[in-house]
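Trainee: I'd like a close look at one part of this protein, the pairing between charged side chains. Could you start there and then show me what surrounds it?

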Amino acid sequence: MRSVVAALEESRIREVANAGLGRPVVLRFWFGESDEVTPEVVRAAAIASLQAGETFYAHNLGLPELREAIAAYMAHTHPAQSRQAADWFGRIAVTSGGVNGLMLAAQALVDAGDEVVVVEPAWPNLVAQPRILGARVRTVSLAPDAYGHWRLDLSALLGAITPATRLLVVNSPNNPTGWTLDAREQAAILAHCRGTGTWIVADEVYERLYYPDGEGAGDAACAPSFLDLAQPEDRLIVAHSFSKSFLMTGWRLGWLVLPPSLTHALGKLVEYNTSCAPVFVQRGALAALQQAHERVPPLVARFRQGRDTLLAALTALPGVQVAPPPGGMYVFFRLAGQGDDDLALAKQLVREAGLGLAPGSAFGDAGRGWLRWCFASRDPARLQQGVDRLREWLRL
């Protein structure tokens, strides 16, 4: 076995979840998924596809009708780039999950020995994927202020990206902190990477889960995107997923937005990874997109309510360092007096409080000592119940 694979660290989130196996009383907020099932219309479309016998291979890049629907969706949510779905179609590749899309992007761009810069805290796959390919990974860390707002030192990031940097990987809205790039920062990063010849892989799977102050969730509302600023042939790949905004985590389906000149080659790479995404899963995704304008805004509103419920309850506890995340589906917080061993703390909370949270160190050293709480719960009372358990455990 390659040494880099043997040395891969096991998921600390899974380690905590395993500690909760066989304990049905545990309130589980450790994984990044809602407790709502996939909408019935999506499940029905997949069932109908199976009953129709659609059990064969599909195009490497995805069903043409799904790519067309994704193109129309992107044209609607990013009108600054183009108002024509036709301009997007040749840039879309359907992938077997967002994680598969991100790995495909890394495989397409990174050679062994290449330098890759990742902004962290970050979902651990974003760091592990280029390392698996033999890249040299450097990290630039966000930093929290006294209130728990996470900030980017833009000058430090730009200083870390040189002509020797093959790839920048950035996730915004961010898992786990909720930090979200603004358009000014994105413009500066894009201009700098054009100058150094650096590729950008932007993980924007949480773009619809965005909660700007004083604004509602219109049917096309989303966080700032590199796609709103870039030209089609910029060295930019953007990853999306059906998991979060469409409640389809277990379906394993996503898509990439690519420079048009890269799409055909990406299709060849898909052939050597998964060949294609299952047709019945793609049929479900097509149904999800057809109802996106009806279903996504209410979902975002429910998530915002969950966020606000959890924040209000946590901030009422003394010694909690936490701030409202502008995007994503997580509250990232720190408990005073609990030290930096967040993995041990998370396991202790499972055993003693029946509360399942993700340890911050799962997202890199910048998250050490913090805890991640997924607030994507249909019932806000469940979140309040979790905080009540935390209060009792803290003996407050």
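Which residues are linked with Glu 36 in a network of salt bridges?

Mentor: Happy to! Arg 302 and Arg 378 are the residues that join Glu 36 in that network of salt bridges. A salt bridge here is a side-chain nitrogen of Lys or Arg within 4 Å of a carboxyl oxygen of Asp or Glu. Side chains of opposite charge can pair when their charged atoms come close.

Before we go on, a word on ground rules. This is a predicted model, with residues numbered from 1 along each chain as its sequence is written, and local features need pLDDT of at least 70. Side-chain atom pairs count only at pLDDT 80 or more, while totals for chains, interfaces and linings use all residues, and side-chain values use heavy atoms, leaving out hydrogens and water.

Now back to the charges. Searching the whole structure gives 14 salt bridges, and three pairs are good to look at one by one. Let's begin with Asp 234 and Arg 194, whose closest N and O atoms are 2.6 Å apart. Asp 234 sits in the loop between β8 (199-203) and β9, whereas Arg 194 belongs to helix α9 (residues 183-196), so this pair ties together parts that are 40 residues apart in sequence. Helices (H or I, at least four residues) and strands (E, at least two) are DSSP runs numbered from the N terminus. Within the pair, Asp 234 is buried at 11% relative accessible area, and Arg 194 is partly exposed at 44%. Those words have cut-offs: buried is under 20% relative accessible area, exposed is over 50%, and partly exposed is in between (1.4 Å probe, protein chains only).

Next come Arg 307 and Asp 308, whose side chains meet in a salt bridge at 3.0 Å, N to O. Arg 307 counts as buried with a relative accessibility of 5%, while Asp 308 is partly exposed at 36%. For the third pair, turn to Glu 9 and Arg 12, where the N to O distance is 2.7 Å. Glu 9 is exposed, its relative accessible area being 57%.

From Asp 234 you can follow the chain into strand β9 (residues 236-241), which holds Ser 241. Ser 241 is buried, at 8% relative accessible area. A polar atom of its side chain lies 2.9 Å from the backbone nitrogen of Ser 243. If you set aside neighbours within four places in sequence, Ser 241 is in contact (heavy atoms within 4.5 Å) with residues including Gly 98, Val 205 and Trp 255. Another of its contacts is Phe 246.

A little further along is Leu 247, in the loop between β9 and β10 (254-257). Its phi is near 55°, which is a positive value in a residue other than glycine. Leu 247 is also buried, at 10% relative accessibility.

Ser 275 is another residue with a positive phi that is not a glycine, here about 70°. You'll find Ser 275 in the loop between α10 and α11 (279-290), and its relative accessibility of 19% counts as buried. Ser 275 touches Val 270, a residue of helix α10 (residues 260-271). Val 270 is buried at 2% relative accessible area, and not counting residues up to four places away, it also touches Asn 60, Leu 104 and Cys 276.

While you're looking at the backbone, check two proline sites. The peptide bond from Glu 120 to Pro 121 is cis, with omega near 5°, and Pro 121 lies in the loop between β3 (115-120) and α7. Ser 172 and Pro 173 are also joined by a cis peptide bond, with omega about -10°; Pro 173 is in the loop between β7 (165-171) and α9. Helix α9 is also where Arg 194 sits.

Let's zoom out to finish. The chain has 14 helices and 15 strands, and its C-alpha atoms fill a box of roughly 60 × 50 × 50 Å along the principal axes. Buried residues make up 55% of its 396 residues. Of the contacts with a separation of 6 or more, 74% are between residues 24 or more positions apart.

Terms used
Polar contact = N/O pair within 3.5 Å; in protein donor to acceptor, adjacent residues only side chain to side chain.
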